[in-house]
Amino acid sequence: MKWKQLIIPTIASALLLSGCSMKIPLGEEEATPTGDETAAEGVTQAIEARDSYYQMVIPFKPAAARGLAQRQVSSSLELEEVELGLMRHSTDAFDPEKFAYQEGQLLNAEDVSRLLARKDKSNEGLTPLNPAYADGKAEVEDDKFVDANKKSPLYLASIVEQNYMTKEDSGYQVGGVSFALILNREYVFQAPNYGPTYTVKLDQKKVIAEGERMANEFVSQLRKREDFKDLDINVALYMKSTQGSPTPGNYIKSAFVGTADQVKSGDWKAIDEKYYYFPSTSATSDVREDAQKFTLFSDRIADLFPDYSGMIGKGFYQNGDLSRMEIDIPIQFYSRAELVGFTQHVVGLLENRWEYSRNVPVRINVTSLGGDPEVTIVFEDGMDSPKVYF
């Protein structure tokens with residue numbers, strides 16, 4: 001995966017946050033509107049799904065269920081990982097050279113809300129995926145609400161849809177669809193009448209089993225709808241982070257269903273991905289060698305700059321190996337010359353005393369203590385020297 005300088009069209013800015021970059025696509029170019037015509041359907045320059053690129057269909061259409069996922073995830077960082085991660089795990093099912101990207105248009109907010117509810121007696125249309133209460137009902141009286149929810153937690157927090165488009169004579173048509181089923185790592189709920197908030201720790205094996213069950217039911221329900229009848233479907237299970245976690249959750253499984261009406265056990269492929277913050281107890285415990293390298297790099301910066309108070313790193317691991325690193329360094333500068341000198345020192349350390357593999361791309365964001373950006377340094381495989389952006 002490579003970091004690149006960001007140049008992102010306004011229409012896509014809500015989705016394409018940090019971690020995305022641009023690449024000039026091969027083949028078809030984007031049409032430039034003259035202002036005297038209705039916007040023609042086309043595609044943008046390609047957007048990077050961290051290692052792979054999709055072009056985006058324009059004019060941009062916001063998701064039909066827009067806003068639901070935002071209310072169910074803990075941070076914009078988590079939502080970014082859900083969306084870009086799903087894009088990343090869709091590349092095997094929908095080749096970026098043949099498909100373009102569009103936010104989900106087939107399920108609206110009412111559809112998704114219905115799917116997220118507890119099972120009831122209804123058999124019409126889409127039916128809820130979350131389990132009913134222990135007594136088999138979808139509702140419970142206020143005085144029994146807390147105990148009932150502790151015994152019967154909700155496992156499915158939200159659903160995100162992405163459409164993958166192919167160009168036909170009549171324009172771009174949906175050729176395939178990917179879904180992320182966002183699962184609760186813990187179940188947080190509030191008692192009625194603005195009562196206290198409760199947190200129920202969930203057994204991870206049980207959550208995954210419920211996720212597989214719900215994915216199978218979900219696909220079976222979709223096949224009954226005309227708009228999903230012949231579409232290739234890809235589904236992935238995402239485990240949310242716990243409340244207050246500085247890192248996002250992670251994808252744990254995916255399955256390409258094709259045009260089948262169910263997800264078979266053999267369809268599932270395990271996904272081994274995880275984020276670690278540096279420094280942290282979990283990083284020191286689980287990836288000790290990388291944690292030591294991070295501390296050493298930080299100490300080398302501190303050797304020459306007394307105002308330096310530390311840095312925070314976020315490492316993304318795939319299959320147990322560090323895949324990329326992003327580092328934030330907040331520091332107070334009292335002159336432009338001091339900023340330039342600090343930047344030169346960090347660049348020198350990256351070139352000559354960087355302990356991580358050269359294959360691991362690193363992005364360093366230097367900011368003021370108030371969070372204002374000062375400089376960004378990017379160093380990745382294939383570069384002779386780091387790139388610096390003031």
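The exchange below covers aromatic pairs, burial and one helix in a predicted model.

User: What are the ground rules for this model?
Analyst: It is a predicted model, where local features need pLDDT of at least 70, side-chain atom pairs count only at pLDDT 80 or more, and totals for chains, interfaces and linings use all residues. Residues are numbered from 1 along each chain as its sequence is written, and side-chain values use heavy atoms, with hydrogens and water left out.

User: How many aromatic pairs does the structure hold?
Analyst: There are 18. Rings of Phe, Tyr and Trp (its six-membered ring) pair if their centres lie within 6.5 Å; planes under 30 degrees apart are stacked, over 60 edge-to-face, the rest tilted.

User: Why is the pair Phe189 and Tyr198 called stacked?
Analyst: The ring centres are 5.4 Å apart and the planes meet at 20°, so the pair is stacked.

User: What makes Phe189 count as buried?
Analyst: Its relative accessibility is 6%. Buried means under 20% relative accessible area, exposed over 50%, and partly exposed in between (1.4 Å probe, protein chains only). Therefore Phe189 counts as buried. Tyr198, at 25%, is partly exposed.

User: Which kind of pair do Tyr276 and Tyr317 form?
Analyst: An edge-to-face one: 5.4 Å centre to centre, with 90° between the planes. Tyr276 sits in strand S12 (residues 273-278) and Tyr317 in strand S13 (residues 312-318), 41 residues apart, so the pair links distant parts of the chain. Helices (H or I, at least four residues) and strands (E, at least two) are DSSP runs, numbered from the N terminus. Both Tyr276 and Tyr317 are buried.

User: What puts Arg118 over the face of Tyr133?
Analyst: Arg118 lies 4.0 Å from the ring centre. A charge sits over a ring if NZ of Lys or CZ of Arg is within 6 Å of the ring centre and within 35 degrees of the ring normal.

User: How do you know that the length of helix H7 agrees with the expected span?
Analyst: The expected span is 1.5 Å times one less than the number of residues. H7 (residues 288-302) has 15 residues, so it should span 21 Å; its end C-alpha atoms are 21 Å apart, which agrees.

User: Which residues of H7 are buried, and what covers them?
Analyst: Asp290, Ala291, Phe294, Phe297, Ser298, Arg300 and Ile301 are buried. Their cover includes S12, S13, helix H6 (281-286) and helix H8 (336-352). An α-helix has 3.6 residues a turn, so residues three or four places apart point the same way.

User: How much of the protein chain is buried?
Analyst: Buried residues make up 50% of its 390 residues.

Terms used. Contact means heavy atoms within 4.5 Å.
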